[in-house]
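Q: Hi! I'm new to reading protein models. Could you walk me through this one?

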Amino acid sequence: MINRKIFFQGLKALKGSRSPAIPLAACFIALGALLKDAGFNLQQSIASSFFTYALPGQLVMAESLLVGASLLNIFLAVWLVNFRLYPMTISLFPLLKHKSQPKWKYYLSCHFLAISSWLIAKDTYKKVERKYRIDFWIGIGIGTWTTAVVTTVLGYLAADYLNKDMMIGLAIVNPVYFFCMMIGAMNNLKMATAVIGGVILSPIFFILSAEWAILYAGLTAGTVAFLFGGKNGFK
Amino acid sequence: MDLNNFIVLAIVVTSLATFTSRFLGAVTSEKVDAASKLFQWFNYVAYATLAALLARMVIFPAGVLASSDISIRIVVLIVCLVLFIITKKNLIIPTVTAAFLLSALSAFL
C-alpha cells in the first residue's frame, strides 16, 4: 500500500543539518505555551496542532479568542491567513501525481501541507522515482506533523518555566529559518522576483487591508514574476 | 456559552478553514499538469504568498513576537540571513543565533 523504504526516506528528512525539526520545535513550543496562556487545556492544545497544524492560523485563532471574536470572524480570519495552502498544494501535488496511486493518499496527506514540509518536498522530490513520490511525501508529512504535535505538548508543559524574552527568542526562529530556505530556493530571476516582491508588497498591502494583504501580495508578486521576471527556470 | 465549549468550537472552525484550502488544492491538482503554464503560475504565486506571510510574521507579528521591538526583529533577521549566506547555507547557525540574539536584545534593550 505504502512503499515502506520510500516512506522512511521521507521521514529521514527530519534528520541532519537542514532538518525542519528545529524551527518546528521552536515555534510549536512557543505556541503550546501561548495556548496555555489563552486558557486552553492540554487536550485542546493537542487537538489544535493535530487537526489544524498550521501555525499562523493557530496564532490568529488564539488572538481572536483573546479579543472575543465570533466563530464566523475566526473562520474568516483563519481562512484568509491559511489560504496560501491552496496555491502551495497546487504547486506541489502535480509533481507527486502517479496514475497507479490511489486518490485517498492525496486527499488525506494534503493535511500535512505546511511551510516546512512543503519547502523540504520542493527541495528533494526529484530524488525519488515519480511512482513513489506520494509515499515520500507522506513520510515527510508524518515526521513534521508529529514533531509539531509533540512539541506543542512540551511547550504547554514548559509554559511556567519560559519567560517572555525566551518565548520571543523561540518565536523568531520560525521566520528566520523559512527566510533562509526561501533564499536557498531563489535560484533564478523569476523566483527572486516572486520572493522579494512578496516581502515588499506584504507590509504595504497590510496597511491598506490587514486581512487580505498576504493574498493580494502573493497574487501580485507571483503574477509579475510569472509574466515578467526574466526567462524560465522554475523549480 | 462557556469558554471551554467555545475553545472546542474555535478549534473545529480553525481546522475546517485550514483543511478546506489544502483539500481544494489536492482536488484542483488532479487537473493541473506539472509541465503546464498554469502550474508555473501557481508555483510563483505560492512562493510569493509564502514570502508575504513571512514578511508579515516579522513586521506585523501575531502572538508573543509583537511585544518585541520591530527594529530589533529586522536587525536580527538581516544578521541571520547574512550568516546563512556566509556559512554556505548552514541552517542551524542562523536559526540558533536568531533565538539567542533576539532573546538577549529584548531582555537588555
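A: Happy to! One term to begin with: Ala, Val, Leu, Ile, Met, Phe, Trp, Tyr, Cys and Pro count as nonpolar, Asp, Glu, Lys and Arg as charged, and the others, Gly among them, as polar. Keep in mind that this is a predicted model.

Q: Cool. So how do the residues lining the largest pocket divide up?

A: The lining has 15 nonpolar residues, two polar and three charged.

Q: And how much space lies in that largest pocket?

A: About 400 Å³. Of the 20 lining residues, the closest to the pocket's centre are A:Val60, A:Ser64, A:Ala77, A:Glu211 and B:Arg56.

Q: Which helix gives the largest share of the lining?

A: That is α5(A), with six residues. In chain A, α4 (55-66) and α5 (71-82) each supply at least two lining residues.

Q: New topic: which residues make the nonpolar surface patch?

A: B:Ile70, B:Ile74, B:Ile78, B:Val82 and B:Ile86 make a patch of about 430 Å². B:Ile70 sits in helix α3 of chain B, residues 70-86.

Q: Why does B:Ile70 count as partly exposed?

A: Because its relative accessibility is 36%, and partly exposed runs between the under 20% of buried and the over 50% of exposed.

Q: What about A:Ala38, buried or exposed?

A: A:Ala38 is buried, because its relative accessible area is 13%, and buried means under 20%.

Q: Where is A:Ala38 in the chain?

A: In the loop between α2 (21-37) and α3 (42-51) of chain A. Its C-alpha atom is 6.7 Å from that of A:Leu66, and the two residues are 28 apart along the chain.

Methods
Residues are numbered from 1 along each chain as its sequence is written. Chains are lettered from A and ligands numbered from 1 in the order in which they are written. This is a predicted model: local features need pLDDT of at least 70, side-chain atom pairs count only at pLDDT 80 or more; totals for chains, interfaces and linings use all residues. Side-chain values use heavy atoms; hydrogens and water are left out. On a 1 Å grid over the protein atoms alone, a cavity is a set of points where a 1.4 Å probe fits but cannot get out, and a pocket is an open set with protein on both sides within 12 Å along at least five of seven lines; lining residues have an atom within 4 Å of a point. Grid points are joined across faces, edges and corners, and a volume is the space filled by probe spheres set on the points. Helices (H or I, at least four residues) and strands (E, at least two) are DSSP runs, numbered from the N terminus. Patches are made of residues with over 30% relative accessible area and no salt bridge: like charges are joined within 9 Å, nonpolar side chains (Val, Leu, Ile, Met, Phe, Trp, Tyr) within 5 Å. Accessible areas come from the Shrake-Rupley method with a 1.4 Å probe; for residues, only the protein chains shown count as cover. A salt bridge is a side-chain nitrogen of Lys or Arg within 4 Å of a carboxyl oxygen of Asp or Glu. Buried means under 20% relative accessible area, exposed over 50%, partly exposed in between (1.4 Å probe, protein chains only).
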